[in-house]
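Biologist: Before I rely on the terms used for this protein, I should like to see each one justified. Could we go through them in turn?

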Amino acid sequence: LRSTLDANSTLPYTVARNTISDDMAKMAINLCYRLETDGVTAVPVHSVGPTEWDPEAGHTRGIISLKNAAQLAGLGNIGKNTLLVNREYGNMIWLSAILVAEDLEPDAVAEYGTCPPTCRRCAEACPIQALDGEGGIRRSECWDFAFGDEPGGWRIKCFKCRNACPNKLGVR
């Protein structure tokens, strides 16, 4: 819900994201059951964890990089804010995946760009300067600042890079 970006609180965005993520996890699991019924090995990969600590990278990561997999699958391109950007949905995308033991024919990689070469809106909007404006991120600092417990419970506390993006509503 794009309107959640403009709310005076981060709660609507957090609720929308959590609900969408839960729905996507249920859809992935249900599809895995259907695929297994057809004899296909299928493993769901949830968009928000669980994750494992990667000591070499110095941060947590999932089984696969959903953003990179989505880019290779032709769903969009990764912008300077490190988010997947799609022509229709902009950067308002949450991902889930299913790993299958089958050969699949991929779609073509998206040929449109995402960020104008001189754009630095996401980097300038970041209150802790975790983005370098060229697609790099200090991930641990971003996560420590943007996600966590607050009075009243867990919430997403920052999404300024997403909101500042000129492509938040789609690639024009």
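**Terms and the values behind them**

Modeller: Certainly. Please bear in mind that this is a predicted model.

Biologist: Let us begin with charged pairs. What makes the contact of D54 and R61 a salt bridge?

Modeller: The distance from N to O between the side chains of D54 and R61 is 2.6 Å. A salt bridge requires a Lys or Arg nitrogen within 4 Å of an Asp or Glu carboxyl oxygen, so this pair qualifies.

Biologist: Why is D54 called buried, and why is R61 called partly exposed?

Modeller: D54 has a relative accessible area of 15%, and buried means under 20%, so D54 is buried. R61 has a relative accessible area of 39%, which lies between 20% and 50%, so R61 is partly exposed.

Biologist: How many salt bridges does the structure hold, and how do you know that E141 and R138 form one?

Modeller: There are 3 salt bridges in the structure. For E141 and R138 the N to O distance is 3.6 Å, and because the limit is 4 Å, the pair is accepted. E141 is partly exposed at 38% relative accessibility, and R138 is partly exposed with a relative accessible area of 38%.

Biologist: What makes E150 and K157 a salt bridge?

Modeller: Their side chains meet at 3.5 Å, N to O. That distance is within 4 Å, so E150 and K157 count as a salt bridge. E150 has a relative accessible area of 32% and is partly exposed; K157, at 28%, is also partly exposed.

Biologist: I turn to the cysteines. How many disulfides are counted?

Modeller: The count is 0 disulfides. For C115, the nearest cysteine sulfur belongs to C165 and is 5.7 Å away. A disulfide needs two cysteine sulfur atoms within 2.5 Å, so C115 is in none.

Biologist: Why is C158 not placed in a disulfide?

Modeller: The nearest cysteine sulfur to that of C158 is that of C126, at 6.3 Å. The limit is 2.5 Å, therefore C158 is in no disulfide.

Biologist: Are C115 and C158 buried or partly exposed?

Modeller: C115 has a relative accessible area of 24%, between 20% and 50%, so C115 is partly exposed. C158 is at 16%, under the 20% limit, so C158 is buried.

Biologist: Which residues line the largest cavity?

Modeller: The lining includes C115, C119, C122 and C165, together with K80, N81, R121 and P166. About 50 Å³ of space lies in this cavity. The count of cavities of 30 Å³ or more is 1.

Biologist: What is the volume of the largest pocket, and which residues lie nearest its centre?

Modeller: The volume of the largest pocket is about 1400 Å³. Its lining has 49 residues, and S47, K67, W94, R139 and W143 lie nearest the centre. Helix α4 contributes the most to that lining, with 5 residues.

Biologist: Finally, what makes L99 eligible for a nonpolar surface patch?

Modeller: L99 has a relative accessible area of 32%; patch members need over 30%, so L99 passes that test. L99 belongs to strand β6 (residues 97–100). With V43 and I63, L99 forms a nonpolar patch that has about 250 Å² of accessible area together.

Methods
Residues are numbered from 1 along each chain as its sequence is written. This is a predicted model: local features need pLDDT of at least 70, side-chain atom pairs count only at pLDDT 80 or more; totals for chains, interfaces and linings use all residues. Side-chain values use heavy atoms; hydrogens and water are left out. Patches are made of residues with over 30% relative accessible area and no salt bridge: like charges are joined within 9 Å, nonpolar side chains (Val, Leu, Ile, Met, Phe, Trp, Tyr) within 5 Å. Accessible areas come from the Shrake-Rupley method with a 1.4 Å probe; for residues, only the protein chains shown count as cover. Helices (H or I, at least four residues) and strands (E, at least two) are DSSP runs, numbered from the N terminus. Buried means under 20% relative accessible area, exposed over 50%, partly exposed in between (1.4 Å probe, protein chains only). On a 1 Å grid over the protein atoms alone, a cavity is a set of points where a 1.4 Å probe fits but cannot get out, and a pocket is an open set with protein on both sides within 12 Å along at least five of seven lines; lining residues have an atom within 4 Å of a point. Grid points are joined across faces, edges and corners, and a volume is the space filled by probe spheres set on the points.
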